[in-house]
Amino acid sequence: MRWGTGSPSAQRGNQEILNNVTVIIENCNTTSRCSLKRNSTMHIQIKFKSEFDVKDLITEVYGTALNIPIPLLGVDNKSVCNNLFEENGTKRKCPVLKGSTYVYKDEIYIIEAYPKFKVDIHWSLKDPISRNIVTCFEAPAKITD
């Protein structure tokens, strides 16, 4: 499972730890593809440390199947600022400050319209103006019933 590009990582259960990011996907075993059940909600948590100041932060989330990027509806291009927390659990809003660690928590509804197939999910948190990526990961998944 790839959770970043060229970053050394360690696995612990359903979480993956990279240089500056820890990703937890509910009910996802890091030794195989994550099963994303249609008509259900998936919970995700991304703990990251920003390497630069960012006034706003959005998601870029899409799946790649047969080399075709498919945006994850309801999640792609969504503001992160309302789902941001400090490490101690205190609710936080943007801006994101360089050197600080944050936890982004969200839930994603897997719509029934998605076909059942294998897909690689690409997830980035980025500045909507400069398009600079604060953190990112990739997870192999499969859409199931």
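Which element gives the most to the lining of the largest cavity? I looked this up in a predicted model, where local features need pLDDT of at least 70, side-chain atom pairs count only at pLDDT 80 or more, and totals for chains, interfaces and linings use all residues. Residues are numbered from 1 along each chain as its sequence is written, and side-chain values use heavy atoms, without hydrogens and water.

**Entry 1: the cavity.** I took a cavity as a set of points on a 1 Å grid over the protein atoms alone where a 1.4 Å probe fits but cannot get out, with lining residues having an atom within 4 Å of a point. Points are joined across faces, edges and corners, and the volume is the space filled by probe spheres set on them. I found one cavity of 30 Å³ or more, and the largest holds about 80 Å³. Its lining includes Ile25, Met42, Trp123 and Phe137. Strand β12 (a DSSP run of E, at least two residues, numbered from the N terminus) gives the most, with three residues.

**Entry 2: the core.** I read a nonpolar core as buried Ala, Val, Leu, Ile, Met, Phe, Trp, Tyr and Cys residues joined through side-chain atoms within 4.5 Å; buried means under 20% relative accessible area with a 1.4 Å probe, protein chains only. The largest core has 35 residues, and Ile25, Ile46, Phe48, Leu57 and Trp123 touch the most other members. β12 gives the most to this core too, with five residues.

**Entry 3: Thr135.** Thr135 sits in β12 and is buried, at 10% relative accessible area. Beyond four places in sequence, its contacts (heavy atoms within 4.5 Å) include Ile46, Phe48 and Trp123.

Notes
On a 1 Å grid over the protein atoms alone, a cavity is a set of points where a 1.4 Å probe fits but cannot get out, and a pocket is an open set with protein on both sides within 12 Å along at least five of seven lines; lining residues have an atom within 4 Å of a point. Helices (H or I, at least four residues) and strands (E, at least two) are DSSP runs, numbered from the N terminus. Buried means under 20% relative accessible area, exposed over 50%, partly exposed in between (1.4 Å probe, protein chains only).
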